[in-house]
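Subject: A structure for you to explore

Hello,

I am passing on a structure that I hope you will enjoy looking through. Please open it first, and then read my notes below with the model beside you.

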Amino acid sequence: MTTLKTPEEIKVMLEGGKISTMALRGVLSAIKPGVTLLALDTIAHDILVQNNAKPSFTTVDDYKFTTCINVNDGIVHGLPNGYKIKSGDLVSIDLGALYKGFHTDLSYTVEVNSSKEQKFLNTGRLALDLAIAQAKVGNHMGDISSAIQKKVENAGYTVSRDLVGHGVGRELHEDPYVPGYGSSGKGVLLKEGMVLAIEVLYEKGDPEIVVDFDGWTIRTADGSLSALFEASVAITKDGPLVLTEF
């Protein structure tokens with residue numbers, strides 16, 4: 001069942017979203033060749049805690065890290081480890097903040113010391129913007145999903161068929177699902193008070209996935225590059241409100 005948030009609760013989530021965004025900025029500013037994924041995770045943890053928030057991801061059963069970090073063919077749920085970042089890597093940072101009882105969730109992908117994949121990454125950023133614009137009272141989930149799918153596929157890439165966005169609030173993952181593919185005018189009716197973690201999960205190759213030996217990291221089966229852009233968005237009477245404005 002989808003839980004609708006009050007205007008007061010959305011204000012709290014907006015405060016939390018600012019903290020999660022601060023943590024993401026701190027991590028992204030530290031990405032450079034030679035830095036380990038574990039070092040980036042520590043940066044995110046320290047910023048959240050210093051701002052009276054808790055890492056949302058540590059509320060997930062058996063998960064002990066602040067972030068999920070994926071490199072190149074990694075799509076989601078990558079475990080921070082001792083891998084040292086290299087020039088040319090695509091690095092996706094995914095994190096969340098639990099603040100005053102509410103979660104916010106966001107992700108961003110960058111290319112290290114290169115612009116070879118600029119078109120690929122710009123496509124995901126624009127797809128997220130287009131999707132957010134559809135998060136309006138009276139629209140349907142399919143309007144969000146279709147906006148993502150059209151932008152990504154028209155650029156020659158594929159959207160994930162197995163991984164989706166989600167509602168967010170007192171729980172990190174709530175109803176409803178937010179797929180990256182669908183038909184306009186179809187699906188769940190969007191209502192005032194819904195808060196959605198809208199995710200653009202896409203690949204340069206085929207959408208099939210595999211789970212790594214660690215039991216967490218999900219990669220493209222064909223080894224193609226993947227990227228992830230995500231924002232937490234409240235549906236209000238005045239239109240979409242991005243809680244994790246980046």
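Let me begin with a group of rings: Tyr63, Phe65 and Trp216 come together in one aromatic cluster. Please keep in mind throughout that this is a predicted model.

**Aromatic rings**

How many aromatic pairs are there? The count comes to 7 aromatic pairs. One of them joins Tyr108 and Phe246: the ring centres are 4.7 Å apart and the planes meet at 45°, so this pair is classed as tilted. Tilted is the class left over once planes under 30 degrees apart are called stacked and those over 60 edge-to-face.

This pair is a good one to find on your screen, as it connects distant parts of the chain. Tyr108 belongs to strand β5 (residues 102–111), while Phe246 is in the segment after β13 (239–242), and 138 residues separate the two along the chain.

Are these two residues buried or exposed? Tyr108 has a relative accessibility of 18%, and since buried means under 20%, Tyr108 counts as buried. Phe246 has a relative accessible area of 36%, which makes Phe246 partly exposed.

A second tilted pair is made by Tyr157 and Tyr202, with 6.4 Å from centre to centre and 55° between the planes. Here too, distant parts of the chain are linked: Tyr157 is in the loop between α4 (141–154) and β6 (158–159), Tyr202 is in strand β9, and they are 45 residues apart. Both Tyr157 and Tyr202 are buried.

**Charges over rings**

Phe246 has another partner to look for. Arg25 lies over the face of the Phe246 ring, at 4.6 Å from the ring centre. You can find a similar arrangement at Phe120, where the charged end of Lys204 sits over the ring at 5.9 Å from its centre.

**The largest pocket**

Next, have a look at the open spaces. Rolling a probe the size of a water molecule over the atoms shows where empty space is left. The largest pocket found in this model has a volume of about 350 Å³.

Which residues lie nearest the centre of this pocket? They are His77, Asp94, His166, His173 and Glu199, out of a lining of 18 residues. Sorted by class, the lining contains 11 nonpolar, 4 polar and 3 charged residues. Strands β7 (165–167) and β9 (195–203) each contribute at least two residues to the lining. Strand β9 is also where you met Tyr202.

**Two buried serines**

Ser160 is in the loop between β6 and β7. With a relative accessibility of 1%, Ser160 counts as buried. What does its side chain reach? The side chain of Ser160 comes to 3.1 Å from the backbone nitrogen of Leu163.

Ser232 is in strand β12 (residues 226–236). Ser232 is buried as well, with a relative accessible area of 0%. The C-alpha atoms of Ser232 and Val168 are separated by 7.5 Å, although these residues are 64 apart along the chain.

For a contrast, try Val60 in the loop between β1 (54–55) and β2. Val60 and Ile75 are 15 residues apart along the chain, and their C-alpha atoms are separated by 18 Å. Val60 has a relative accessibility of 29% and counts as partly exposed.

**Backbone details**

Most residues other than glycine have a negative phi, and most peptide bonds are trans. With that in mind, where should you look in this model?

- The peptide bond from Asp175 to Pro176 is cis, with omega near 0°. Pro176 is in strand β8 (residues 174–178).
- Asn72 is not a glycine, yet its phi is positive, near 60°. You will find Asn72 in the loop between β2 (67–71) and β3 (74–76), and at 22% relative accessibility Asn72 counts as partly exposed.
- Lys100 also has a positive phi, of about 50°, without being a glycine. Lys100 is in the loop between β4 (90–99) and β5, and at 57% relative accessibility Lys100 counts as exposed.

If you would like a starting point, go to Phe246: the Tyr108 ring pairs with Phe246, and Arg25 lies over the face of the Phe246 ring.

Happy exploring, and best wishes

Notes:
Residues numbered from 1 in each chain as written. Predicted model: local features only at pLDDT ≥ 70, side-chain atom pairs only at ≥ 80, totals over all residues. Heavy atoms only, no water. 1 Å grid on protein atoms, 1.4 Å probe; cavity = no way out; pocket = protein on both sides within 12 Å on 5 of 7 lines; lining within 4 Å. Points joined across faces, edges and corners; volume = space filled by probe spheres on them. Helix = DSSP H or I, 4+ residues; strand = E, 2+ residues; numbered from the N terminus. Nonpolar A, V, L, I, M, F, W, Y, C, P; charged D, E, K, R; others polar. Phe/Tyr/Trp six-rings, centres within 6.5 Å; stacked < 30°, edge-to-face > 60°. Buried < 20%, exposed > 50% of the residue type's maximum accessible area, 1.4 Å probe, protein only. Lys NZ or Arg CZ within 6 Å of the ring centre and 35° of its normal. Polar contact = N/O pair within 3.5 Å; in protein donor to acceptor, adjacent residues only side chain to side chain.
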